[in-house]
Amino acid sequence: MAMNIIWKDRKRTLFGLPLSFTKYELTEDCLFIKTGLLTQKEDEVRLYRIMDIGLTRTLGQRIFGVGTIHCSSGDKTLGDFDIKSIKMPEEIKEKLSEMVEVQRDKKRVVNREVMVDHGETDLDDVDDII
């Protein structure tokens, strides 16, 4: 089964150049992170496991047109991770966010958050809510 790669890039280092051994590939339902030269490691996270996405751009990253996307993940082996120093980070973050929502809808995965108003609810009552 051939995977349709929607986006791919490398971690960019000095002056925004792709001089690293970290590669990122995004398919319809997975994100792959490949690292290493002599010893290679490949991590895969299913998009529906990504809970939250954020973007950080330092001054140096903004100068060279790159940024880092932080993903909070429910993946047991990878956990939270960063897609470091990639080109067009805003566009990739939006694309990734849309694709995560599509996969979460497709798999019928929902995030459940417990909202507690500490002014009116006693913390002992939280167990009754859950």
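**Aromatic pairs, strands and salt bridges in a predicted model**

At 38% relative accessibility, Phe64 counts as partly exposed (buried is under 20% relative accessible area, exposed over 50% and partly exposed in between, with a 1.4 Å probe and protein chains only). The structure is a predicted model, in which local features need pLDDT of at least 70 and side-chain atom pairs count only at pLDDT 80 or more, whereas totals for chains, interfaces and linings use all residues. Residues are numbered from 1 along each chain as its sequence is written, and side-chain values use heavy atoms, with hydrogens and water left out.

The protein chain contains 3 helices and 7 strands (DSSP runs numbered from the N terminus, helices being H or I of at least four residues and strands E of at least two). Followed along the sequence, these elements give the pattern β-β-β-β-β-α-β-β-α-α. Of the chain's 130 residues, 32% count as buried.

A good place to start is strand β1, residues 7-10, where the side chains alternate. Trp7 and Asp9 point to one face and are buried, while Lys8 and Arg10 point to the other and are not. Such alternation between the two faces of the sheet is what a regular strand shows in general. Strand β2, residues 23-26, pairs with β1 in the antiparallel sense over 4 bridges (pairing requires at least two DSSP bridges between two strands). Within β2, Tyr24 is the bridge partner of Asp9.

The search for ring contacts gives 2 aromatic pairs in the structure (rings of Phe, Tyr and Trp, the last by its six-membered ring, with centres within 6.5 Å; planes under 30 degrees apart are stacked, over 60 edge-to-face and the rest tilted). Trp7 and Tyr24 make a stacked pair, at 6.4 Å centre to centre and 15° between the planes. This pair links distant parts of the chain, since Trp7 belongs to strand β1 and Tyr24 to strand β2, 17 residues apart. Both Trp7 and Tyr24 are buried.

The rings of Phe15 and Phe64 have planes at 75° and centres 5.5 Å apart, so this pair is edge-to-face. Here too distant parts of the chain are linked: Phe15 sits in the loop between β1 and β2, and Phe64 in the loop between α1 (59-63) and β6 (66-73), 49 residues apart. With a relative accessible area of 54%, Phe15 is exposed. Phe15 and Phe64 also belong to a nonpolar surface patch, together with Leu14, Leu17, Leu19, Leu59 and Ile63. The accessible area of this patch adds up to about 750 Å² (Shrake-Rupley method with a 1.4 Å probe, where for residues only the protein chains shown count as cover). Patch members have over 30% relative accessible area and no salt bridge; like charges are joined within 9 Å, and nonpolar side chains (Val, Leu, Ile, Met, Phe, Trp, Tyr) within 5 Å.

Turning to the next two strands, β3 (residues 30-35) and β4 (residues 41-46) pair in the antiparallel sense over 6 bridges. Ile33 stands opposite Asp43 in β4. The two strands, β3 and β4, form a hairpin with 5 residues between them, and Gly36 in the turn has a positive phi of about 105°.

Cysteines and charges complete the picture. The disulfide count is 0 (a pair of cysteine sulfur atoms within 2.5 Å would qualify). Cys30 counts as buried at 2% relative accessibility, and Cys71 is buried with a relative accessible area of 0%.

Salt bridges number 8 over the whole structure (a side-chain nitrogen of Lys or Arg within 4 Å of a carboxyl oxygen of Asp or Glu). In one of them, Lys106 meets Glu28, with the closest N and O atoms 3.4 Å apart. Lys106 lies in helix α2 (residues 89-107) and Glu28 in the loop between β2 and β3, so the pair ties together parts that are 78 residues apart in sequence. Lys106 is exposed, at 53% relative accessible area, whereas Glu28 counts as partly exposed at 48%.

Asp43 takes part in a salt bridge with Lys41, at 3.6 Å from N to O. Of these partners, Asp43 is buried, with a relative accessible area of 19%, and Lys41 is partly exposed at 49%. Lys93 and Glu94 form a further salt bridge, at 3.5 Å from N to O. Lys93 is buried, with a relative accessible area of 19%, while Glu94 is partly exposed at 43%. Finally, Asp29, Glu44 and Arg46 are joined into one network by salt bridges that share partners.
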